[in-house]
Amino acid sequence: MINDEFTAGHPHPIGMKNIVEEKTFDFAKRIVNLRKHLVSKYNEYALSEQVLRSGTSIGDNVIEAQNARTNSEFISKISIAQGECSETKYWIRLLHETNYISEKEYESLYCECDEIYKILSSILLTSKNK
């Protein structure tokens, strides 16, 4: 079962906790393992590449947002991360409905991605109100 490969939980290497960074990094690791699974079990490259790109881009944009010089730049990067999150949910749903991942795998991945989406929404709301 591939669900075991998608478990997460490494502490931040320098001992600082950034929940969004950790969640998006752990999610990206799950997505990388999902891609490996899709390629090795099904020889599936097209959909797996799409979910890999969008699923790993979420955390990349979160990191870029943390290095933003202005609030508007921060909002832009978090908005992009949120968009990538929406796209990833689409690919996860498509993979499920085309029988590449099980119901359990779908629910786990989709719920985690949706949780990240909601966190990003909250961050955006707070940032826009500054």
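**Exercise 1. Decide whether Tyr100 is buried, partly exposed or exposed.**

Step 1. The relative accessible area of Tyr100 is 22%. The model is a predicted one, and this value is computed from it.

Step 2. Buried requires under 20% and exposed requires over 50%. Tyr100 therefore counts as partly exposed.

**Exercise 2. Find how many aromatic pairs there are, and describe the geometry of the pair formed by Tyr42 and Tyr100.**

Step 1. The count of aromatic pairs is three.

Step 2. For Tyr42 and Tyr100, the ring centres lie 5.0 Å apart and the planes meet at 90°. An angle over 60 degrees counts as edge-to-face, so that is the class of the pair Tyr42 and Tyr100.

Step 3. Place the two residues in the chain. Tyr42 belongs to helix H1, while Tyr100 is in the loop between H3 and H4. With their positions 58 residues apart, the pair links distant parts of the chain.

Step 4. Tyr42 has a relative accessibility of 33%, so this residue is partly exposed.

**Exercise 3. Classify the ring pair of Tyr90 and Trp91.**

Step 1. The centres of the two rings are 4.9 Å apart, and the planes stand at 75°. The pair of Tyr90 and Trp91 is therefore edge-to-face.

Step 2. Now take the accessibility of each partner. Tyr90, at 47%, is partly exposed. Trp91, at 15%, is buried because its value is under 20%.

**Exercise 4. State which ring the charged end of Lys89 sits over.**

The ring is that of Tyr117. The charged end of Lys89 is 4.5 Å from the centre of that ring.

**Exercise 5. Give the overall secondary structure of the protein.**

Step 1. The protein has four helices and zero strands. Along the sequence, this reads as α-α-α-α.

Step 2. The protein has 130 residues, and 42% of them are buried.

Step 3. Consider contacts with a separation of 6 or more. Of these, 71% are between residues 24 or more positions apart.

**Exercise 6. Compare the length of helix H2 with the expected value, and find where H2 is kinked.**

Step 1. H2 covers residues 46–66, which is 21 residues.

Step 2. From first C-alpha to last, H2 reaches 31 Å, close to the 30 Å expected at 1.5 Å a residue.

Step 3. H2 nevertheless has a kink of about 30°, and Ser57 is at its centre.

**Exercise 7. Determine what the buried residues of H2 pack against.**

Step 1. The buried residues of H2 include Leu47, Val51, Leu52, Ser57, Ile58, Asn61 and Val62.

Step 2. Their packing partners are helix H1 (19–42), helix H3 (71–97) and helix H4 (103–128).

Step 3. Take Asn61, in helix H2, as an example. Its relative accessibility is 5%, so Asn61 is buried. Beyond residues up to four places away in sequence, Asn61 touches Lys77, Ile80, Ala81 and Glu84.

**Exercise 8. Name the residues that touch the most other members of the largest nonpolar core.**

Step 1. The core has 25 residues, and those touching the most other members are Phe27, Leu34, Ile58, Ile92 and Leu120.

Step 2. H1, H2, H3 and H4 each give two or more residues to this core. H3 supplies the largest share, seven residues.

Step 3. Follow one of these residues, Ile58. Apart from neighbours within four places in sequence, the contacts of Ile58 include Thr24, Phe27, Ala81, Cys85, Cys113, Ile116 and Leu120.

**Exercise 9. Describe the setting of Asn43 and of Asn99, each with a positive phi.**

Step 1. Neither is a glycine: phi is about 55° for Asn43 and about 65° for Asn99.

Step 2. Asn43 is in the loop between H1 and H2, whereas Asn99 is in the loop between H3 and H4.

Step 3. Asn43 has a relative accessible area of 53%, so it is exposed. Asn99 is exposed as well, at 63%.

**Exercise 10. Which residues does Val32 touch, not counting residues up to four places away in sequence?**

Step 1. Val32 is in helix H1 and is partly exposed, at 32%.

Step 2. The residues touched by Val32 are Leu52 and Thr56.

Step 3. The C-alpha atoms of Val32 and Ser48 are 9.1 Å apart, with the two residues 16 apart along the chain.

Notes. Residues are numbered from 1 along each chain as its sequence is written. This is a predicted model: local features need pLDDT of at least 70, side-chain atom pairs count only at pLDDT 80 or more; totals for chains, interfaces and linings use all residues. Side-chain values use heavy atoms; hydrogens and water are left out. The expected span of a helix is 1.5 Å times one less than its number of residues. The bend at a residue is the angle between axes fitted to the seven residues ending there and the seven starting there. Buried means under 20% relative accessible area, exposed over 50%, partly exposed in between (1.4 Å probe, protein chains only). Contact means heavy atoms within 4.5 Å. A nonpolar core is a set of buried Ala, Val, Leu, Ile, Met, Phe, Trp, Tyr and Cys residues joined through side-chain atoms within 4.5 Å. Rings of Phe, Tyr and Trp (its six-membered ring) pair if their centres lie within 6.5 Å; planes under 30 degrees apart count as stacked, over 60 as edge-to-face and the rest as tilted. A charge sits over a ring if NZ of Lys or CZ of Arg is within 6 Å of the ring centre and within 35 degrees of the ring normal.
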